[in-house]
Amino acid sequence: MKRVLITGAAGNIGAVLRQGLRDCYPFLRLSDIALLGEAAPGEELNKADLRSLPEMEAAMEGVDAVVHFGGTPEEADWEPILANNFIGLYNTFEAARRQAVSNHVVGFYRRERRVGVEEPCRPDTRYGVSKVFGEALGRLYADKHGLEVVCLRIGSF
C-alpha cells in the first residue's frame, strides 16, 4: 500500500496517526471537516463530511486503504452519534467498496475481567452501540464485498 486515507485526521488519534504514518507511506490523504493545518510533504488535505456519500467517495478515490477515525469520539446526544458514527460509518464503508479500497463495545463487563473478541458485546453508551455497529458493518463488508477490515477496540487514548 502506498496511498492511505485517514478520516478524522484533525482529531486526537488522527493527529497522532498523521505523524506516525507519515514515514510509513509515500502518500497520506488527510480528511476531516475540521481544520487540518498545513500539508507536509507527501500529504494531501481533503475536507470531507462523513455524512455525505459523494464526499466520501471523492476522498477514497485513488487510495489503497483507509484508516477510519472520523466521527463523534465519545458519548453525546443521539443526533451527532447517528449522523457521524452510524451514517458516517456506513458512508465510509460504502465509499470504500465503490472505490475498490480494500471499546465501548464491551463497557458493561467488570474492569477486572479480561474480555476477548469471542465475548458478546455489552455496550455501555450510545457511542458504544455505534462501535458495535461499526464492527458488524465491517463484518458485512468483509463477507459480502471482500473488503479487508480491521476494527481495533481502543481502551483509552
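Which residue in E2 is the bridge partner of Thr7? In this predicted model, the partner of Thr7 on the E2 side is Ser31. Thr7 also has a bridge partner in E4, namely His68. These two pairings offer a convenient entry to the sheet, since E1, the strand of residues 3-7, is joined to E2 through five bridges in the parallel sense and to E4 through four bridges, again with the strands running parallel.

The sheet as a whole is open and is formed by four strands in the order E3-E2-E1-E4, with parallel pairing. Its edges are strand E3 (43-47) and strand E4 (65-68), each of which pairs on one side only. On average, neighbouring strands of this sheet are turned by 20° against each other, direction ignored.

Strand E2 (27-32) deserves separate attention. Six of its six residues are buried, so E2 is largely enclosed by the rest of the structure. The burial concerns both faces of E2: Phe27, Arg29 and Ser31 are buried on one side, and Leu28, Leu30 and Asp32 on the other. Ser31, the bridge partner of Thr7, thus belongs to the buried set that includes Phe27 and Arg29.

Helices H1 and H2 both pack against this sheet. Helix H1, which spans residues 12-21, lies across E1, E2, E3 and E4 and runs at about 165° to E1. The buried residues of H1 are Gly14, Arg18 and Leu21. Viewed down the helix axis, these residues fall within an arc of 90°, and they therefore line one face of H1. Their packing partners are E1, E2, E3 and E4.

Helix H2 (residues 53-60) has as its buried residues Leu53, Met56, Glu57, Ala59 and Met60. They cover an arc of only 160° around the axis, which places them on the same side of H2. The buried residues of H2 pack against E1, E2, E3 and E4, and also against helix H3 (78-98). Just after H2 comes Gly62, which takes a positive phi of about 80°.

The relation between helices can now be considered. Two packed helices are described by the angle between their axes and the distance between the axes. For H2 and H3, the axes come within 8 Å and cross at roughly 50°. This angle makes H2 oblique to H3, and the crossing is right-handed. On the H2 side the residues involved are Leu53, Met56, Glu57 and Met60, which meet Asn91, Thr92, Glu94, Ala95, Ala96 and Arg98 in H3. Leu53, Met56, Glu57 and Met60 are also among the buried residues of H2.

H3 packs in turn with H4, the helix of residues 126-145. Here the angle is about 15° and the axes are 10 Å apart. Angles under 35 degrees count as roughly parallel, and H3 and H4 are therefore roughly parallel to each other. Their crossing is right-handed. From H3 the contact includes Trp78, Ile81, Asn85, Phe86, Leu89, Tyr90 and Phe93, and from H4 it includes Tyr127, Val129, Phe133, Leu137 and Tyr141. Glu94 of H3 takes part in this contact and also meets H2.

One residue of this contact, Val129, can be followed further. Val129 lies in H4 and is partly exposed, with a relative accessible area of 37%. Leaving aside its neighbours within four places in sequence, Val129 is in contact with Phe86 and Pro123; of this pair, Phe86 is one of the H3 residues in the contact with H4. Along the chain, Val129 and Asp143 are 14 residues apart, and their C-alpha atoms are separated by 21 Å.

A final point concerns the loop between H3 and H4, where Ala100 is placed. Most residues other than glycine have a negative phi. Against that background, the phi of Ala100 is near 60°, a positive value in a residue other than glycine. Is Ala100 buried or exposed? Its relative accessibility is 64%, and Ala100 therefore counts as exposed, the cut-off for that class being over 50%.

Key: Residues are numbered from 1 along each chain as its sequence is written. This is a predicted model: local features need pLDDT of at least 70, side-chain atom pairs count only at pLDDT 80 or more; totals for chains, interfaces and linings use all residues. Side-chain values use heavy atoms; hydrogens and water are left out. Two strands pair if DSSP finds at least two bridges between them. Axes are lines fitted to C-alpha atoms, for helices over the stretch in contact, and angles run from 0 to 180 degrees between N-to-C directions. Contact means heavy atoms within 4.5 Å. Buried means under 20% relative accessible area, exposed over 50%, partly exposed in between (1.4 Å probe, protein chains only). The arc is that of the directions from the helix axis to the C-beta atoms. Angles under 35 degrees count as roughly parallel, over 145 as roughly antiparallel, 65 to 115 as roughly perpendicular and the rest as oblique. A crossing is left-handed if the near helix is turned anticlockwise from the far one by less than a right angle, and right-handed if clockwise.
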